[in-house]
Amino acid sequence: MSQAIEGLPDKQTSARVTISDMAKALGLTKSTVSRALNGYPDIAESTRLRVAKMARRLNYQPLSYAQAVKTGRTRSLGLVLQLSDHDAQRPFLAEFLAGLSAGASREGYTMTVASADTHDTLIETFRTLTRDGKADGFILPRAMVNDPRARILSERGVPFVLYGRQQDPTGCAWFDVRGEDAMRDAVAHLATLGHRRIGFINGRTIYSYAALRLSGFKSGMAACDLPVAPELIVENAVTRDDGAAAAAQLLDHPDPPTAIVCAVDYAALGAYRAAAERGLTIGTDLSIVAYDGTQDGAQAQPPLTTFSVDNRAAGERLATLLIRRVRGEALETLRETISADFVCRMSTGPVKTQAHPIHRRLS
């Protein structure tokens, strides 16, 4: 059991611990303690950690309103969810939010979460939240091409971190998973199984990830000395219905692919349906590799070969990077990417040497 510090209120009593109490316990000035608690960059990391440890020990709770007036900060991170997104209610969103909350609370921050039904209301929500000073900065999930959210925040001088990258890095910090590497490695995996005719079903081209994953697919084909067939590339597929329609287009081609790489798991699960409708067995007649690592993919029959992303860890890292940006760190130090994890299951297998079933049907 920890002992009370002489001359200070015990954290079990009702007396509120003040910054003066903290300064006395640490042998520091009130100004140093205050700046350490508020993350100012001129305070050494060792001092900040020492102050944070004492704050936990004494159960120090700042008066948030007074702190906001004094520092101009709310100690809150903002997130606006677009409910019209195809996967807005998916389980991985809960994991992502849990990660954000954990990363924020570790530094004494809270989360301010809002929602919008359409793109127009999304932009208006950002304008309202920034005008009213509801958050010190914002996390922007699923980066868009020339992201309008980033433009609004940049114009207003509000810090932000993107989950995804921008072609023009000016003014941007980000965290991202290298989906292009995953698509390249997916092609390599299929090529080792003997596949030469490989299709690609991409996500929505309004998002930055789509161009990156298409580039990764093409570089993977080039690395394996395989020709890219433009007729075997379909874009803007993110739901099961989208994936089923895209796969049907590929499988009904006179010279269909023996394997398909999908930019998202849900499109791949739609491709399962299109394959079944054509009498094809996944993993035998048709191989499929995707990206996301959803539970739906793990529970599919056969289980989906995919590249898995840890959404909780991504949320934690985004919160950490945003807090560092709020504290004034240089943008160049706040751009990070990591790899996805390959999960090989039963939706991929060696190419069949006999004629493709669709070939037999059409002959």
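A disulfide is taken as a pair of cysteine sulfur atoms within 2.5 Å; by this criterion the structure holds 0 disulfides. The model is predicted, so that local features need pLDDT of at least 70 and side-chain atom pairs count only at pLDDT 80 or more, while totals for chains, interfaces and linings use all residues. Residues are numbered from 1 along each chain as its sequence is written, and side-chain values use heavy atoms, with hydrogens and water left out. Accessibility is expressed as relative accessible area, with buried meaning under 20%, exposed over 50% and partly exposed in between (1.4 Å probe, protein chains only). Cys-172 is buried at a relative accessible area of 5%, and Cys-262 is likewise buried, at 0%.

Secondary structure was assigned from DSSP runs, helices being H or I runs of at least four residues and strands E runs of at least two, numbered from the N terminus. Strands of a sheet pair through backbone hydrogen bonds, either parallel or antiparallel. Here, two strands are regarded as paired if DSSP finds at least two bridges between them. One open sheet consists of 6 strands in the order S2-S1-S3-S4-S5-S11, and its pairing is parallel. Strands S2 (110-116) and S11 (335-338) stand at the edges with a single partner strand each, so one side of each is left without a neighbour in the sheet. Neighbouring strands of this sheet are turned against each other by 15° on average, direction ignored, where axes are lines fitted to C-alpha atoms (for helices over the stretch in contact) and angles run from 0 to 180 degrees between N-to-C directions. Within the sheet, strand S3 (residues 137-140) runs parallel to S4 and is joined to S4 by 3 bridges; Phe-138 has Phe-160 in S4 as its bridge partner.

Another open sheet of 6 strands follows the order S7-S6-S8-S9-S10-S12, and its pairing is mixed. Its edge strands, S7 and S12, each pair on one side only. The pairing of S6 with S7 is parallel and extends over 2 bridges, with Val-234 in S7 serving as the bridge partner of Ile-201.

Ser-219 is located in helix H9 and is partly exposed, at 35% relative accessibility. The C-alpha atom of Ser-219 is separated by 9.1 Å from that of Val-187, the two residues being 32 residues apart along the chain.

Aromatic contacts were assessed next. A pair of aromatic rings is described by the distance of the centres and the angle of the planes. Rings of Phe, Tyr and Trp (its six-membered ring) were paired if their centres lie within 6.5 Å, with planes under 30 degrees apart counted as stacked, over 60 as edge-to-face and the rest as tilted. This rule gives 6 aromatic pairs. The rings of Phe-96 and Tyr-163 have centres 5.6 Å apart and planes at 15°, so this pair is stacked. Phe-96 lies in helix H5 (residues 91-106) and Tyr-163 in strand S4 (residues 160-163), so that the contact links distant parts of the chain, 67 residues apart. Both Phe-96 and Tyr-163 are buried. The pair formed by Phe-307 and Phe-342 is tilted, because the ring centres are 4.9 Å apart and the planes stand at 40°. This contact also links distant parts of the chain, with Phe-307 in strand S10 (residues 305-308) and Phe-342 in strand S12 (residues 341-343), 35 residues apart. Phe-307 is buried at 3% relative accessibility, whereas Phe-342 is partly exposed at 38%. Phe-96, Tyr-163 and Phe-175 together form one aromatic cluster.

A charge was considered to sit over a ring if NZ of Lys or CZ of Arg is within 6 Å of the ring centre and within 35 degrees of the ring normal. The charged end of Arg-142 is placed over the ring of Tyr-207, 5.5 Å from the ring centre. Arg-335 lies over the face of Trp-174, at 5.3 Å from the centre of that ring.

Salt bridges, defined by a side-chain nitrogen of Lys or Arg within 4 Å of a carboxyl oxygen of Asp or Glu, number 22. Arg-178, which is partly exposed at 22% relative accessibility, forms a salt bridge with Asp-181, the closest N and O atoms being 2.9 Å apart. In the salt bridge between Arg-197 and Glu-231, the closest N and O atoms are 3.2 Å apart. Arg-197 belongs to the loop between helix H8 (179-192) and strand S6 (198-201), and Glu-231 to the loop between helix H9 (208-223) and strand S7 (233-234), the pair thus linking distant parts of the chain, 34 residues apart.
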